[in-house]
Amino acid sequence: VKTRVAFGRPLAEQGTIMTDIANSRIEIEQARLLVLKAAHLMDTVSDKEAASEISMIKLVAPSMALHVIDRAIQAFGAAGLSSDYPLAQFFGWARALRLADGPDEVHRAVIAKLELKR
């Protein structure tokens, strides 16, 4: 996006692209911090005590990846779907992650049950 130009300006200087970059960075950091929290709980307490955070990661990380990749595809336009860039393949892999360890509904049910036990 730094080298692509639209409306006479680099895409990186366009307001919507800047917003997408900021939102993507925020979502990546949120997911990263949740992963670190879960890992810390797993290391210091137990996997059972980290069950809620583990389920949250299984929801948050693939969803975040889909959002970030989708924004990148949008920024690249039709080229984002071409074989010139791996974005379409990344999107497919991220979508598969949502199914790899059970559907989102299963993880939401685990989180809700654990919350209700508190």
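1. His107 is buried, with a relative accessible area of 5%. The model is a predicted one. His107 sits in helix H4, which runs over residues 104-117. Setting aside neighbours within four places in sequence, His107 is in contact with Ser55, Lys58, Leu59, Asp101 and Gly102. His107 counts as buried because its 5% falls under the 20% limit.

2. Ser55, one of the contacts of His107, belongs to helix H2. Ser55 is buried as well, at a relative accessible area of 7%. Not counting residues up to four places away in sequence, Ser55 touches His107, Val110 and Ile111.

3. Two other contacts of His107, Lys58 and Asp101, are paired with each other. Lys58 forms a salt bridge with Asp101, and the closest N and O atoms are 2.3 Å apart. Lys58 is in helix H2 and Asp101 is in the loop between H3 and H4, so the salt bridge ties together parts that are 43 residues apart in sequence. How accessible are the two partners, Lys58 and Asp101? Lys58 is partly exposed at 30%, and Asp101 is partly exposed at 43%.

4. The structure holds 7 salt bridges. Side chains of opposite charge can pair when their charged atoms come close. Among the salt bridges is the one between Glu53 and Lys37, with the closest N and O atoms 3.3 Å apart. This pair links distant parts of the chain, with Glu53 in helix H2 and Lys37 in helix H1, 16 residues apart. Is Glu53 buried or exposed? Glu53 counts as buried, at 6% relative accessibility. Its partner Lys37 counts as partly exposed, at 45%.

5. Arg118 and Glu115 form a salt bridge, with the closest N and O atoms 3.3 Å apart. Arg118 is exposed, with a relative accessible area of 69%. Glu115 counts as partly exposed at 38% relative accessibility. Elsewhere, salt bridges that share partners join Arg25, Glu29 and Arg32 into one network.

6. The next point concerns the largest pocket. Which residues line the largest pocket? The lining consists of Lys48, Glu49, Ala51, Ser52, Glu53, Leu114, Lys117 and Arg118. The volume of the largest pocket is about 190 Å³. H2 and H4 each supply at least two residues of the lining, and H2 gives the most, with 3 residues. By class, the lining has 2 nonpolar, 1 polar and 5 charged residues. Two of the lining residues, Glu53 and Arg118, also appear in the salt bridges above: Glu53 pairs with Lys37, and Arg118 pairs with Glu115.

7. The largest nonpolar core has 7 residues: Ala65, Leu66, Ile69, Ile73, Phe76, Leu87 and Ala94. The elements giving two or more residues to this core are helix H2, residues 51-76, and helix H3, residues 87-100. Which of them gives the most to this core? H2 does, with 5 residues. Helix H2 also contributes the most residues to the lining of the largest pocket, and Ser55 is found in H2 too.

8. Thr16 lies in helix H1, which covers residues 15-44. Thr16 is exposed, with a relative accessible area of 59%. The C-alpha atoms of Thr16 and Ala75 are separated by 9.3 Å, and the two residues are 59 residues apart along the chain.

9. Phe7 deserves a check of its backbone. Most residues other than glycine have a negative phi. Phe7 has a positive phi of about 55° although it is not a glycine. Where does Phe7 lie? Phe7 is in the loop between strand S1, residues 5-6, and strand S2, residues 9-10. At 81% relative accessibility, Phe7 counts as exposed, because the limit for exposed is over 50%.

How values were computed: Residues are numbered from 1 along each chain as its sequence is written. This is a predicted model: local features need pLDDT of at least 70, side-chain atom pairs count only at pLDDT 80 or more; totals for chains, interfaces and linings use all residues. Side-chain values use heavy atoms; hydrogens and water are left out. A nonpolar core is a set of buried Ala, Val, Leu, Ile, Met, Phe, Trp, Tyr and Cys residues joined through side-chain atoms within 4.5 Å. Buried means under 20% relative accessible area, exposed over 50%, partly exposed in between (1.4 Å probe, protein chains only). Helices (H or I, at least four residues) and strands (E, at least two) are DSSP runs, numbered from the N terminus. On a 1 Å grid over the protein atoms alone, a cavity is a set of points where a 1.4 Å probe fits but cannot get out, and a pocket is an open set with protein on both sides within 12 Å along at least five of seven lines; lining residues have an atom within 4 Å of a point. Grid points are joined across faces, edges and corners, and a volume is the space filled by probe spheres set on the points. Ala, Val, Leu, Ile, Met, Phe, Trp, Tyr, Cys and Pro count as nonpolar, Asp, Glu, Lys and Arg as charged, and the others, Gly among them, as polar. A salt bridge is a side-chain nitrogen of Lys or Arg within 4 Å of a carboxyl oxygen of Asp or Glu. Contact means heavy atoms within 4.5 Å.
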